[in-house]
Amino acid sequence: MKARTATAALLPLLLLGTAGCATTGTPASGKAPDPKGSAGTPGRSAPAGSTGTPGPTGSGGAPAPKRAGSRLERSALEQGDLPGYQISANGKNPNAPDGQPQADRKACQPLADIMGDKPDPAAHETVNRGVGSQKQMGLAVSASVSSYAEPDAKALVARLKDAVAACSTGFTATVEKQSGAYREVKATDYKAAGDESVSWTTTASAEGVTAQVHLVVVRQGDTVVRLMALNVTGGRQAPQVPHEVTDKQLQKVRDAH
């Protein structure tokens, strides 16, 4: 349990502040993750794209997301949407910093931004969810939906594709004086049903902890879906965002429109 918690907590730039075990939904601290900011407000992001490890509703784990009225909130995943997964309303690890990471290479800034509070500074609103797999030991996914002006959403995907190509040797990013290194940035072939998408893997290191991460960004009209997968057990198995998670998230975006 301690190893799982450390892997997530010591990779602050991922903002995957998993507080416990993805398979049980029980926070390592014995306290439920902070539910504040589970949905963004216009012009303001909810706290980072972190995965407070989801806990079952009413079980003392992370709080289940509440159904809300805005289009973006209706687009976000809810407990019960995905059999075999627990979904929480953004329980962020209190040790994870806030804000947008700053890359040491300008070409890599879009990749640093994607790890921050918003996928991109041009986002009008962001709603975050934590998704914990009950099928694959330790798999945690941070899922967010963000609203944009459609030209800005298109520009984001284009910038990410360019950055993945330019930053294959890696980069370093810093937020609130905490730094992390991202090595071996590699584009991946990942099929998603949106208007356009980009996917890549990287190996993240911070404070002596290393983890592989898989990221998928999909544009559906003026909405951008960001998904980040991390194996919080620290095992060698490379994480992948499950297609059923991506498909369900995109379906909810389409239905909300």
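**Exercise 1. How many disulfides does a search of the whole structure find?** Work out what is linked, and where.

*Solution.* Keep in mind that this is a predicted model.

- Step 1: The search turns up one disulfide.
- Step 2: Apply the cut-off, which asks for cysteine sulfur atoms within 2.5 Å. Cys108 and Cys167 pass, with S to S at 2.0 Å.
- Step 3: Check the handedness. The angle about the S-S bond is -115°, and the link of Cys108 and Cys167 is left-handed.
- Step 4: Place both ends. Cys108 sits in the loop between β2 (102–103) and α3 (109–113), while Cys167 sits in the loop between α4 (150–166) and β5 (171–175). They are 59 residues apart, so the pair ties together distant parts of the chain.
- Step 5: Look at accessibility. Cys108 and Cys167 are both buried.

**Exercise 2. Lay out the secondary structure, then follow the strands from β5 to β7.**

*Solution.*

- Step 1: Tally the elements: five helices and nine strands. Along the sequence they go α-α-β-β-α-β-β-α-β-β-β-β-β-α.
- Step 2: Start at β5. It runs antiparallel to β6 (residues 178–187), with five bridges joining the two. Val175 faces Gln178 of β6 across this pairing.
- Step 3: Inspect the turn. β5 and β6 make a hairpin with two residues between them, and Glu176 in that turn has a positive phi of about 50°.
- Step 4: Move on to β7 (residues 196–206). β6 pairs with β7 through five bridges, again antiparallel. Here Lys186 stands opposite Thr201 in β7.

**Exercise 3. Which residues have the most contacts inside the largest nonpolar core?** Then find where the core comes from.

*Solution.*

- Step 1: The largest nonpolar core has 31 residues, and the best-connected ones inside it are Leu111, Leu160, Phe171 and Trp200.
- Step 2: Trace the suppliers. At least two residues each come from α3, α4, β5, β6, β7, β8 (209–220) and β9 (223–231). The largest share is from α4, with six residues.
- Step 3: Zoom in on Leu160. Leaving out residues up to four places away in sequence, Leu160 touches Pro110, Leu111, Ile114, Val198, Trp200 and Val217.
- Step 4: Don't stop there. Another core of 22 residues lies apart from the largest one, and its members include Val141, Ala143, Leu227 and Val241.

**Exercise 4. What percentage of the 257 residues counts as buried?** Add the contact and surface totals.

*Solution.*

- Step 1: Of the 257 residues, 56% count as buried.
- Step 2: Take the contacts with a separation of 6 or more; residues 24 or more positions apart account for 69% of them.
- Step 3: The exposed area is about 10,200 Å², and carbon and sulfur atoms supply 50% of it.

Note on methods: Residues numbered from 1 in each chain as written. Predicted model: local features only at pLDDT ≥ 70, side-chain atom pairs only at ≥ 80, totals over all residues. Heavy atoms only, no water. Helix = DSSP H or I, 4+ residues; strand = E, 2+ residues; numbered from the N terminus. Buried < 20%, exposed > 50% of the residue type's maximum accessible area, 1.4 Å probe, protein only. Contact = heavy atoms within 4.5 Å. Areas by Shrake-Rupley, 256 points an atom, 1.4 Å probe, with all protein chains shown as cover. Pairing = 2+ DSSP bridges. Core = buried A, V, L, I, M, F, W, Y, C linked by side-chain atoms within 4.5 Å.
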